[in-house]
Number of protein chains: 2
Amino acid sequence: MLVRALANAGGEVRFAELQRRAPGISRKMLAQTLRELEYDGLVARRVEPTIPPAVHYSLTELGRTLIAPLDALREWAETHMVTVDEHRKRISAPLV
Amino acid sequence: MLVRALANAGGEVRFAELQRRAPGISRKMLAQTLRELEYDGLVARRVEPTIPPAVHYSLTELGRTLIAPLDALREWAETHMVTVDEHRKRISAPLV
DNA sequence: CAGCATCCCCGATGATACTG
DNA sequence: CAGTATCATCGGGGATGCTG
């Protein structure tokens, strides 16, 4: 997730760099999500008025409070995905 | 969320009861989601072969391990939603 | 570089009706 | 009671192209 990508970066990250850190996300969704997160006050956006412009994103203090609960979830997923997969196979009734 | 509704219930809950505990969710989505959760091994389903049938749902042990991280997130939301709302108003550029 | 603007499509979900 | 089947919609998101 974006918040994790921004957290990993530590400080500010530029748009393109963020895209590399969030593999699979399209430019459109990246831009859109960043706008939402900025709107919510979770992400700060800083524009350097050069040509071409350089835009830097970072987590706000509020955004950083989200890291822990989010990581808890991610860790749950990592720890239990194997178990879940095994259970799915055991059922062997491929749902849908 | 369903997991929370099941957690609240403590033990087994029947379909209709679950629907009451998860307001806003349609019968279709409830049934579908329950099947997925069962498939993943997070939810156990027990059918009493009476007429009409009585189906009982409950969290498995695996399902219960998900409660904590999920609640952490929910609590984050409850604690910070006010802040987020305030920030949105301060921006006053109604996004979209 | 960092986005918008468009067009387009498919899948997720709701509404409704039927059943063992 | 506890679903399933069918139909219709609607909007999220991808692809592409343009621009300050």
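A polar contact is a pair of N or O atoms within 3.5 Å. Keep that cut-off at hand for these exercises, which work through a predicted model.

**Exercise 1. Which residues come nearest to DNA strand C, and which polar side-chain atoms lie by its base oxygens?**

*Step 1.* Start with the surroundings of the strand. There are 16 residues around DNA strand C, and the nearest of them are R14(A), R45(A), Y57(A), K28(B) and M29(B).

*Step 2.* Next, look for base oxygens. R27(A) places a polar side-chain atom 3.2 Å from a base oxygen of DNA strand C, and K28(B) has one at 2.5 Å from a base oxygen of this strand. With the cut-off at 3.5 Å, the R27(A) pair at 3.2 Å and the K28(B) pair at 2.5 Å can both be entered as polar contacts.

*Step 3.* Now turn to the backbone of the DNA. An N or O atom in the side chain of R35(A) is 3.4 Å from a phosphate oxygen of DNA strand C. Of the strand C atoms within 4 Å of the protein, 60% are sugar or phosphate atoms, and the rest belong to bases.

**Exercise 2. Which elements each supply at least two residues of the surface near DNA strand C, and which one gives the most?**

*Step 1.* List the contributors. Chain A brings α2 (15-21), α3 (27-40) and β3 (54-59), while chain B brings its own α3 (27-40).

*Step 2.* Pick out the leader: α3(A) gives the most, with 4 residues.

*Step 3.* Sort the surface by class, and you find 9 nonpolar, 1 polar and 6 charged residues near DNA strand C.

*Step 4.* Follow β3(A) a little further. This strand runs antiparallel to β2 (residues 43-48) of chain A, and 6 bridges join the two. One bridge to look for links A44(A) with S58(A) in β3(A). Between β2(A) and β3(A), the hairpin connection has 5 residues.

**Exercise 3. Which residues come nearest to DNA strand D, and which of its phosphate oxygens and base oxygens have a side-chain partner?**

*Step 1.* Begin as before. S26(A), K28(A), R14(B), R27(B) and Y57(B) come nearest among the 16 residues around DNA strand D.

*Step 2.* Check the phosphates. A polar side-chain atom of S26(A) is 2.7 Å from one phosphate oxygen of strand D, and a side-chain N or O atom of Y57(B) is 2.5 Å from a phosphate oxygen of this strand.

*Step 3.* Then check the bases: K28(A) has a polar side-chain atom 2.3 Å from a base oxygen of DNA strand D.

*Step 4.* Finish with the surface itself. Its largest share, 4 residues, comes from α3(B), and its classes are 9 nonpolar, 1 polar and 6 charged.

**Exercise 4. How do α3(A) and α5(B) cross, and which residues meet there?**

*Step 1.* Choose the descriptors. Two packed helices are described by the angle between their axes and the distance between the axes.

*Step 2.* Read them off. The axes of α3(A) and α5 (residues 67-91) of chain B come within 7 Å and cross at roughly 100°. The two helices are therefore roughly perpendicular to each other.

*Step 3.* Name the residues. From α3(A), E38(A), Y39(A) and D40(A) meet V84(B), H87(B), R88(B) and I91(B) of α5(B). This contact divides into 3 nonpolar, 1 polar and 3 charged residues.

**Exercise 5. At what angle do α5(A) and α3(B) pack?**

*Step 1.* The angle between α5 (residues 67-91) of chain A and α3(B) is about 100°, and their axes are 7 Å apart. That makes α5(A) roughly perpendicular to α3(B).

*Step 2.* The α5(A) side of the contact consists of V84(A), H87(A), R88(A) and I91(A), and the α3(B) side of E38(B), Y39(B) and D40(B).

Terms used: Residues numbered from 1 in each chain as written. Chains lettered and ligands numbered in written order. Predicted model: local features only at pLDDT ≥ 70, side-chain atom pairs only at ≥ 80, totals over all residues. Heavy atoms only, no water. Near = heavy atom within 4 Å. Polar contact = N/O pair within 3.5 Å; in protein donor to acceptor, adjacent residues only side chain to side chain. Nonpolar A, V, L, I, M, F, W, Y, C, P; charged D, E, K, R; others polar. Axes fitted to C-alpha atoms, helices over the stretch in contact; angles between N-to-C directions. Parallel < 35°, antiparallel > 145°, perpendicular 65-115°, else oblique. Contact = heavy atoms within 4.5 Å. Pairing = 2+ DSSP bridges.
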